[in-house]
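Me: I'm new to this structure and would love a friendly tour. Could you take my questions one at a time?

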Amino acid sequence: MFSGTAYTQLTESLRRVHALGSVGELLSWDEQVNLPPGAAEQRAAQQAALAGAIHAAASDARIGGWLAELEKALASLDDDQRAVVRNARRDYDRATKLPADFVREKAAQGSRGYHAWAKAKAADNFADYAPVLERNLALSKREAGYLGWEGREYDYMIDRHDPGMNAAAIGRLFDELKRELVPLGRSIAQSPVRPRPEILRGFPVEGQRTFLREVTARLGFDYDRGRIDVSLHPFCTGTGSDVRMTTRFKEDEPLDSLFSAIHETGHGLYEQGLSPPDLGTALGIHAGMAVHESQSRLWENQVARSRGFWRCFEPRFRGMFPTQVAGVSSEDLHLAINAVAPTLIRVDADEVTYNLHIILRFELEKKLFAGELRVDRLPSAWRDSAQALLGLTPPTDREGVLQDVHWSDGSFGYFPSYCLGNMLAAQLWYRILQLRPSLEEDFTRGDFTWLLAWLRENIHAQGRRFDLLTLTRRVTGEELSPRHLVRYLRERYGPLYRI
Ligand code: ZN
């Protein structure tokens, strides 16, 4: 254990940068939950001023000095300290290697891109959006170049979200997954069993709110250190002792609000499980977006779509909504909870076909960065892939290439995290079941403490000590693989859809 002043000073300054960043998160949360419509401009000014302060703190030359000193003394640091230094170097390089005028240009382009995308989507006009994508691609490549990733620009985009991951490794995993999922999706689509989620209608919002709060508290979300509110798009932000999540309510889609809240609870439990004194360092930050998504997906899918979970909560659900579920059998309810049907729209997709939407985007991004696909050919490439993967051809670009916001501000390389998270969730699930075969009986009793304690110890408390692949290997004893996801989907949906 190295106890020099450079290490202490470094971690103190990282905590300060984190504290400033968390103020920014709080402002963004407030913007989506509370902000009066007339306050948007004032909020933008607050955010810009804060962004300047965060950048100044994160690029403080003294951090560079402490890092240089510590990197010379790596042999005297313990493993945790080395992880802290490694992660701080990565953040410091990103804060200092991008020229200020490039950062300004990118921020301005991000906001212009968003508005151009929204307009193009509303008008279903890809031609107006194409120049934005061209510029965003060029900016992304320049950014990768500044940070020393020439020739590996798409890998850089991926590594930003999932440290240590790259396009070749993802391509191998996705190819294997695709071979299994395309036929599985087709068989389910051809099954005579038809879920009818539309039988769940007219659920008062107040009742839904009470029910989902009871459920999420039972799963382990600590409402003394977090809260849930309403926003247009559900999200989760904040960390440690102050985690803010949101959901949305529709009277005729009670499962949407519930499962959105459970998904965000999975993110929230991860953040509440990070070590508060270590926030801002590698010991108190999540391991990347794929690991984050594995936590939300595990609670949303493996846990909350299971029979055991509903044996616990169905009586309460029926007790709270007696008239709404009067004619709905337990089997109909379970089928509605596990409805699978291919759709053109990613955010509406079920857990089987969702992964195909991600593979489609990953393959197109990879070709764009490799120069194998021109931006003006994107709409037709999208249609071809949608037909090949989902068996559907979007009649409009609004239901195809224009549907997602991500590329409008240059967020390339983000999509794969969703699918990698699904893979990891399933792989963790089978490891957990080996250790605790009676897990679903715990759920039936409404007891989620064993599961949460295991995730706390093996995933949450690890912070960013390990990257996705290393963490997977350490926790499950094998390499990250799509086999577990395929097995899980077959085991869950095979009997349900009689295939
Ligand atoms: Zn999520």
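Me: Which residue in β3 does T239 stand opposite?
Reply: A word first: this is a predicted model, where local features need pLDDT of at least 70, side-chain atom pairs count only at pLDDT 80 or more, and totals for chains, interfaces and linings use all residues. Residues are numbered from 1 along each chain as its sequence is written, and side-chain values use heavy atoms, with hydrogens and water left out. Strand β2 (residues 236–239) pairs with β3 in the antiparallel sense over 4 bridges; strands are DSSP runs of E with at least two residues, numbered from the N terminus, and two of them pair if DSSP finds at least two bridges between them. Across from T239 in β3 stands D242.

Me: Which residue in the turn between β2 and β3 has a positive phi?
Reply: β2 and β3 form a hairpin, with 2 residues between them. The one in that turn with a positive phi, of about 60°, is G240.

Me: How many residues of strand β3 are buried?
Reply: Buried means under 20% relative accessible area, exposed means over 50%, and partly exposed is in between (1.4 Å probe, protein chains only). Strand β3 covers residues 242–247 and is largely enclosed by the rest of the structure, because the buried share of its 6 residues is 5.

Me: What is the bridge partner of G226 in β3?
Reply: Strand β1 (residues 226–230) runs parallel to β3, and 5 bridges join the two. Within β3, the partner of G226 is V243.

Me: Which residues are the protein donors of the zinc ion?
Reply: Donors are N, O and S atoms within 2.8 Å of the metal (3.2 Å for Na, K and Ca); water is not among the atoms, so sites may look incomplete. Here the donors lie 2.1 to 2.7 Å from the zinc ion, and their residues follow the spacing H-x3-H-x25-E. H263 lies in helix α10 (residues 254–272) and E293 in helix α11 (residues 289–303), so the pair ties together parts that are 30 residues apart in sequence. The donor residues are H263 (NE2), H267 (NE2) and E293, the last listed with OE twice.

Me: Is H263 buried or exposed?
Reply: H263 shares its state with E293. Both are buried.

Me: Which residue's backbone oxygen does the side chain of Q324 reach?
Reply: Q324 lies in the loop between α12 (307–320) and α13 (330–337). At 18% relative accessibility, Q324 counts as buried. Its side chain reaches a backbone oxygen at 2.9 Å, and that oxygen belongs to G202.

Conventions
A polar contact is a pair of N or O atoms within 3.5 Å; within protein, one must be able to donate a hydrogen and the other to accept it, and residues adjacent in sequence count only if both atoms are side-chain atoms.
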